[in-house]
Amino acid sequence: GPSAFDLFIHSWNPGQRRAYNEGFLLVPGQGQLMHDALVWERYEDNAWYREAFGPVFNQSEWNQVSMAMSISQGAMHVLQHITAARNNTAYERVIFIRPDIILIKDIRFDDKLYAPADNVVHVDRHKNANGDFYFITSSQTGLLHMARLAMDAKRIETQVSVHNWIQRSFNAWGLQLKMDKVLPGRDVEVYRRLCGSPWMFGKGFDYFHDNYNVTAAQWADLRGVCG
């Protein structure tokens, strides 16, 4: 039958298409499920955007703007998919998640913490709700703001520290970023920091071994992502 979820991919690195397909969409045993769920994917070089915005943003600011632009593209295509003439799709949740993270704690939507709310977007438990590993929305309002996030990003204030502008943007539209129970550095982290955290590396293996039958050899291969 049809997949219980749809998958949308946007990346600023055209060279990552093969990596996505080999490492994610075509994984033996589960890859076909992921491939069947794929609705839209786009890989493009953002060098032109960086050159255009270069005089406006420093590197740290540009990283945030670039991320907002990517989120907006994904959100707009989700909205297009929902409103397509012959498509009656309605999503209970839309999750915007970075592809460079490892998550070793289940996100359970049966937890009342994730109860649907028009004015709430859930995020990881980074200090002051300033995380950016993922955003979870259950409303059209949240999805629409994701689509226009890049419009706010281009007005970023140079004095605002990394991440803080995201929350300001959501708050300005009447949305609240609400932290869930996933703690950065213990439950979720970027791949490049995995090997530098013995706790994450050990607990990560336990999680993927118990839930996905990952072998020690397969887990050891992850060391390659640490450089």
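**Exercise 1. Determine which residue follows helix α7 and what sign its phi has.**

Solution. In this predicted model, the residue to examine after α7 is Gly-174. Its phi is near 80°, a positive value.

**Exercise 2. Find residues other than glycine with a positive phi, and state whether they are buried or exposed.**

Solution.
Step 1. The general rule is that most residues other than glycine have a negative phi.
Step 2. Asn-128 departs from this sign, with a phi near 60°. Ala-129 also has a positive phi, of about 60°, and is not a glycine.
Step 3. Asn-128 is located in the loop between β5 and β6, and the place of Ala-129 is in the loop between β5 and β6 as well.
Step 4. Exposed requires over 50% relative accessible area, and buried requires under 20%. Asn-128 has 52% relative accessibility, so it counts as exposed. Ala-129 has a relative accessible area of 6% and is therefore buried.

**Exercise 3. Describe the open sheet of four strands and the helix α4 that packs on it.**

Solution.
Step 1. The strand order is β3-β6-β5-β7, and the pairing is mixed.
Step 2. The edge strands, each pairing on one side only, are β3 (94-97) and β7 (176-179).
Step 3. On average, and with direction ignored, neighbouring strands are turned by 25° against each other.
Step 4. Helix α4 (residues 59-83) packs on the sheet and touches β3 and β6. The direction of α4 makes about 155° with that of β3.
Step 5. Strand β5 (residues 120-123) and β6 run antiparallel and are joined by three bridges. Val-123 stands opposite Phe-135 in β6.

**Exercise 4. Explain how the aromatic pair of Phe-135 and Phe-170 ties together separate parts of the sequence.**

Solution.
Step 1. The structure contains five aromatic pairs. In the pair of Phe-135 and Phe-170, the ring centres are 6.0 Å apart and the planes make an angle of 25°. Planes under 30 degrees apart count as stacked, so this pair is stacked.
Step 2. Phe-135 belongs to strand β6 (residues 134-137), whereas Phe-170 belongs to helix α7 (residues 164-172). The pair therefore ties together parts that are 35 residues apart in sequence.
Step 3. Phe-135 and Phe-170 are both buried. Other buried residues of α7 include Trp-165 and Ile-166.
Step 4. Leaving aside neighbours within four places in sequence, Phe-135 is in contact with residues including Met-67, Ile-71, Phe-96, Met-146, Ile-166 and Leu-177.

**Exercise 5. Identify which members of the largest nonpolar core touch the most other members, and which element gives the most to this core.**

Solution.
Step 1. The core has 24 residues. Those that touch the most other members are Ile-71, Phe-96, Phe-135, Leu-143, Met-146, Phe-170 and Leu-177.
Step 2. At least two residues each come from α4, β3, β5, α5 (140-147) and α7.
Step 3. Helix α4 gives the most, with seven residues.

**Exercise 6. Locate Gly-204 and state whether it is buried or exposed.**

Solution.
Step 1. Gly-204 lies in helix α8 (residues 198-212).
Step 2. The relative accessibility of Gly-204 is 0%, so it counts as buried.
Step 3. Gly-204 and Ile-104 are 100 residues apart in sequence, yet their C-alpha atoms are 5.8 Å apart in space.
Step 4. Apart from neighbours within four places in sequence, Gly-204 is in contact with Ile-104, Trp-199 and Trp-219.

How values were computed: Residues numbered from 1 in each chain as written. Predicted model: local features only at pLDDT ≥ 70, side-chain atom pairs only at ≥ 80, totals over all residues. Heavy atoms only, no water. Phe/Tyr/Trp six-rings, centres within 6.5 Å; stacked < 30°, edge-to-face > 60°. Buried < 20%, exposed > 50% of the residue type's maximum accessible area, 1.4 Å probe, protein only. Contact = heavy atoms within 4.5 Å. Pairing = 2+ DSSP bridges. Axes fitted to C-alpha atoms, helices over the stretch in contact; angles between N-to-C directions. Core = buried A, V, L, I, M, F, W, Y, C linked by side-chain atoms within 4.5 Å.
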